[in-house]
Amino acid sequence: MEISFEGKRALVTGAGKGIGRATALALARCGAEVTAVTHTQADLDSLTQECSSITPVCVDLEDWKATETALQDIGPIHLLVNSAARVNLQPFLEVTPDQFDQSFSVNVKAVLHVSQIVARGMKARGSGGSIVNVSSQASRRALRNYAVYCATKGALDMLTKVMALELGPHQIRVNSVNPTVVMSERGRLTWSDPEKAKVMMDRIPLGRFAEVEDVVNSILFLLSDKSNMTNGVTLPVDGGFLTC
Ligand code: NDP
């Protein structure tokens, strides 16, 4: 299936590393004009070295004012991918207010905020658009030490559905991808303990973790016209984990 984003303009958050970075590069390869957002300049420098057509924006998405300023001149956006997230792992009884607030601030509040900025423009232009939020299987299954992360992704799934409901009449589709463990640099690090990895892997019928490319392909499908009637879904990219 050929997917082309020729003539489209895309914004990707969390584009410095992992899934966001690979998505930004894939969108550019498919012809989109891409704006990449993260808060680490060195990552943007290496990204633009890898693909010079990408426009870098360095901003901490936890800072609403700075985000508004940074995104005010980005121009019309047709495709948005919210991939930035923070992962703080603690046993439930040790969760601190700071860790809770920081996680919600990036994983939920920043998604709402960036989507508001982009969707207002989409609505004003009247030509629709597509938004994909990067959620997780953790939105639907309890994982030890992931109390806050699971809660943020559960909230993100509901945010996705309400955005789909309210933005649908403006032909703006909103969906999420919900991957299992993904072999991004961070995923490899977090799941490097073979015993911990085996417990998770044993619950995945396909018997493997996701590669970054698996997730990117699902994101591209949801962004594209090939999924024109798909709105408000939380699409597992999990080898069947959520079916068991
Ligand atoms: P990475 O940590 O590799 O990438 C996340 C990116 O977001 C980084 O570039 C990071 O920058 C950036 N970022 C974080 N906080 C902010 C902020 N406040 N402002 C701007 N940018 C920020 O993560 P992955 O690629 O592994 O994950 C991407 C998405 O996929 C996340 O939403 C995650 O929850 C989800 N996911 C990942 C899974 C996995 O196993 N990897 C499994 C399921 C879902 P920096 O690193 O410089 O802080």
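Is Thr-35 buried or exposed? Select Thr-35 to find out. The model on screen is a predicted one. Thr-35 counts as buried because its relative accessibility is 4%, and the cut-off for that label is under 20%.

**Stop 1: Thr-35**

Thr-35 belongs to strand β2, which covers residues 33–38. Show the side chains around Thr-35. Setting aside residues up to four places away in sequence, Thr-35 touches Ala-10, Leu-11 and Val-12. The remaining residues that Thr-35 touches are Thr-55, Val-57 and Ile-74.

**Stop 2: the ligand**

Now select the ligand and the residues around it. The ligand sits in the largest pocket. There are 29 residues around the ligand, and those that come nearest are Lys-17, His-39, Thr-40, Tyr-149 and Val-182. Colour the helices next. At least two residues of the shell around the ligand come from each of α1 (18–29), α5 (147–167) and α6 (185–190).

Which residues have polar atoms to look at beside oxygen atoms of the ligand? Begin with Thr-40, where an N or O atom in the side chain is 2.5 Å from an oxygen atom of the ligand. Go on to Tyr-149, which has a polar side-chain atom 2.5 Å from an oxygen atom of the ligand. At Gly-16 look at the backbone instead: a polar backbone atom there is 3.5 Å from an oxygen atom of the ligand. Taken alone, the ligand exposes 880 Å², of which the protein buries 91%.

**Stop 3: Asn-178**

Select Asn-178, in strand β6 (residues 172–179). Asn-178 counts as buried because its relative accessibility is 0%. Two polar contacts can be drawn from the side chain of Asn-178. One, of 2.7 Å, joins it to the side chain of Ser-176. Another, of 3.1 Å, joins it to the side chain of Asp-157.

Widen the selection to the contacts of Asn-178, leaving aside neighbours within four places in sequence. Among them are Ser-135, Ser-136, Gln-137, Ser-139 and Arg-140. Asn-178 is also in contact with Thr-234, Leu-235, Pro-236, Val-237 and Asp-238. Asp-157 appears in this list of contacts as well as in the polar pair.

**Stop 4: His-78**

Where is His-78 found? Select His-78 and look in the loop between α3 (64–71) and β4 (79–82). This loop residue counts as buried because the relative accessibility of His-78 is 18%, with the cut-off at under 20%. Apart from neighbours within four places in sequence, His-78 is in contact with Gly-7, Lys-8 and Arg-9, and also with Met-122, Gly-129 and Ser-130.

Draw a distance from the C-alpha atom of His-78 to that of Ile-219. The two atoms are separated by 14 Å, and the residues are 141 apart along the chain.

**Stop 5: Val-106**

Move to helix α4 (residues 97–125) and select Val-106 in it. Val-106 counts as buried because its relative accessibility is 10%. With neighbours within four places in sequence left aside, Val-106 is in contact with Glu-62, Ala-84, Ala-85, Arg-86 and Val-111. A C-alpha to C-alpha line from Val-106 to Lys-161 spans 18 Å, for 55 residues in sequence.

**Stop 6: two positive phi angles**

Most residues other than glycine have a negative phi. Two exceptions can be selected here.

Asn-145 is not a glycine, yet its phi is positive, at about 75 degrees. Asn-145 is found in the loop between β5 (129–134) and α5. At 34% relative accessibility, Asn-145 counts as partly exposed, since that label covers values between the 20% and 50% cut-offs.

Gln-171, also a residue other than glycine, has a positive phi near 60 degrees. Look for Gln-171 in the loop between α5 and β6. Gln-171 is exposed because its relative accessible area is 59%, and exposed means over 50%.

**Stop 7: Ser-52**

Finish at Ser-52, in the loop between α2 (41–50) and β3 (55–58). Ser-52 counts as exposed because its relative accessibility is 69%. For a last distance, pick the C-alpha atoms of Ser-52 and Gly-154. They are separated by 36 Å, and the two residues are 102 apart along the chain.

How values were computed. Residues are numbered from 1 along each chain as its sequence is written. This is a predicted model: local features need pLDDT of at least 70, side-chain atom pairs count only at pLDDT 80 or more; totals for chains, interfaces and linings use all residues. Side-chain values use heavy atoms; hydrogens and water are left out. Helices (H or I, at least four residues) and strands (E, at least two) are DSSP runs, numbered from the N terminus. Buried means under 20% relative accessible area, exposed over 50%, partly exposed in between (1.4 Å probe, protein chains only). Contact means heavy atoms within 4.5 Å. A residue is near a molecule or strand if one of its heavy atoms lies within 4 Å of it. A polar contact is a pair of N or O atoms within 3.5 Å; within protein, one must be able to donate a hydrogen and the other to accept it, and residues adjacent in sequence count only if both atoms are side-chain atoms. Accessible areas come from the Shrake-Rupley method with a 1.4 Å probe; for residues, only the protein chains shown count as cover. On a 1 Å grid over the protein atoms alone, a cavity is a set of points where a 1.4 Å probe fits but cannot get out, and a pocket is an open set with protein on both sides within 12 Å along at least five of seven lines; lining residues have an atom within 4 Å of a point. A molecule sits in a cavity or pocket if more than half of its atoms lie within 2 Å of its grid points.
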